[in-house]
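Here's a walk through the inside of a predicted model. Have the structure open while you read, and we'll go from the middle outwards.

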Amino acid sequence: MADNSFPPSSRLHHASEFDAVFKKTELKVGHPAFLLLARSNAMERARLGIVAGKKAARSAVQRNRLKRLVRESFRQQCAVSGLDIVLLVQPAARDYPNSALFDILDELWKKLARKQDRLVERP
């Protein structure tokens with residue numbers, strides 16, 4: 001049975017970790033609802049940081065819903081490893097129902113995995 005937890009080792013905690021991804025982005029995948037920025041890390045697992053500001057969703061309830069959905073999708077569907085990922089929630093995300101957001105995130109994780117494979121294949 002797969003481990004569906006989201007332990008602290010799977011999260012970006014400090015501003016310096018977020019800044020490192022912003023400053024040295026190696027992979028970028030976008031959609032009107034989300035933007036994924038990623039860079040390699042020296043670990044075997046991927047780590048996720050979520051940025052959901054007030055411009056993306058005015059109420060804390062909306063922001064928390066979006067963050068919960070992203071974490072759940074990451075746990076279930078993200079097949080990448082060795083990356084620090086920052087996911088920026090865009091204002092368009094609040095207009096989608098939960099099922100559509102899961103589908104969008106599933107496709108973004110797949111695109112990120114394909115880009116990571118291509119990055120690794122380069123000499």
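## Starting from the middle

Seven of the seven residues of strand E4 are buried, so E4 is largely enclosed by the rest of the structure. Both of its faces are covered: Leu 83, Ile 85, Leu 87 and Val 89 are buried on one side, and Asp 84, Val 86 and Leu 88 are buried on the other. Keep in mind that all of this comes from a predicted model.

Now for the strands that pair with E4. E2 runs antiparallel to E4, with seven bridges between the two. One spot to click on is Ile 85 in E4, the bridge partner of Ala 38. E3 goes the other way about it, pairing with E4 in the parallel sense over five bridges. Here you can look for Val 51, which stands opposite Leu 88 in E4.

E1 comes in through E2: the two run antiparallel and are joined by four bridges. A hairpin of three residues connects E1 to E2. Ala 38 turns up again here, as the partner in E2 of Leu 27. Unlike E4, with both faces covered, E1 (residues 27-30) has a covered face with Leu 27 and Val 29 and an uncovered one with Lys 28 and Gly 30.

## Helix H1 and its two sides

Which residues of H1 are buried? In this helix, residues 15-23, they are Glu 17, Phe 18 and Val 21. They sit on the same side of H1 because they span an arc of only 100° around the axis. That fits the general pattern: an α-helix has 3.6 residues a turn, so residues three or four places apart point the same way. Ala 15, Ser 16 and Lys 23 are exposed, on the face turned away from the buried side of H1. As for what covers the buried residues of H1, strands E2 (34-40), E3 (47-51) and E4 (83-89) are included.

## The nonpolar cores

The largest nonpolar core has 31 residues, and those touching the most other members are Phe 34, Leu 48, Ile 85, Leu 87, Val 89, Trp 109 and Leu 112. At least two residues of this core come from each of E1, E2, E3, helix H2 (60-77), E4 and helix H3 (98-121). H3 gives the largest share, seven residues. Apart from this core lies another one of six residues, including Leu 12, Phe 18, Val 86 and Leu 88.

Leu 48 is a good residue to zoom in on. Leaving out residues up to four places away in sequence, Leu 48 touches Phe 6, Ser 10, Arg 11, Leu 12, Val 70, Phe 74, Ile 85, Leu 87 and Trp 109.

## An aromatic pair

How many aromatic pairs does a search of the whole structure find? One. The ring centres of Phe 74 and Trp 109 are 5.6 Å apart and the planes are at 65°, so the pair is edge-to-face. Phe 74 belongs to helix H2 and Trp 109 to helix H3, 35 residues apart, so to speak a link between distant parts of the chain.

Trp 109 also touches Ser 73, as do Cys 78, Phe 102, Leu 105 and Asp 106, not counting residues up to four places away in sequence. Ser 73 itself is in helix H2.

## Polar residues, inside and out

Gln 116 is in helix H3. A polar atom of its side chain lies 2.7 Å from the backbone oxygen of Ser 81. Setting aside neighbours within four places in sequence, Gln 116 is in contact with Leu 27, Val 80, Ser 81 and Leu 83.

Asp 95 is in the loop between E4 and H3. Its C-alpha atom is separated by 9.7 Å from that of Ala 57, 38 residues apart along the chain.

Here is how the individual residues come out on burial:

| Residue | Relative accessibility | Status |
|---|---|---|
| Ser 73 | 0% | buried |
| Trp 109 | 1% | buried |
| Phe 74 | 8% | buried |
| Gln 116 | 13% | buried |
| Asp 95 | 63% | exposed |

Why does Gln 116 count as buried? Its relative accessibility is 13%, and the cut-off for buried is under 20%.

Methods:
Residues numbered from 1 in each chain as written. Predicted model: local features only at pLDDT ≥ 70, side-chain atom pairs only at ≥ 80, totals over all residues. Heavy atoms only, no water. Buried < 20%, exposed > 50% of the residue type's maximum accessible area, 1.4 Å probe, protein only. Arc of directions from axis to C-beta. Contact = heavy atoms within 4.5 Å. Pairing = 2+ DSSP bridges. Core = buried A, V, L, I, M, F, W, Y, C linked by side-chain atoms within 4.5 Å. Phe/Tyr/Trp six-rings, centres within 6.5 Å; stacked < 30°, edge-to-face > 60°. Polar contact = N/O pair within 3.5 Å; in protein donor to acceptor, adjacent residues only side chain to side chain.
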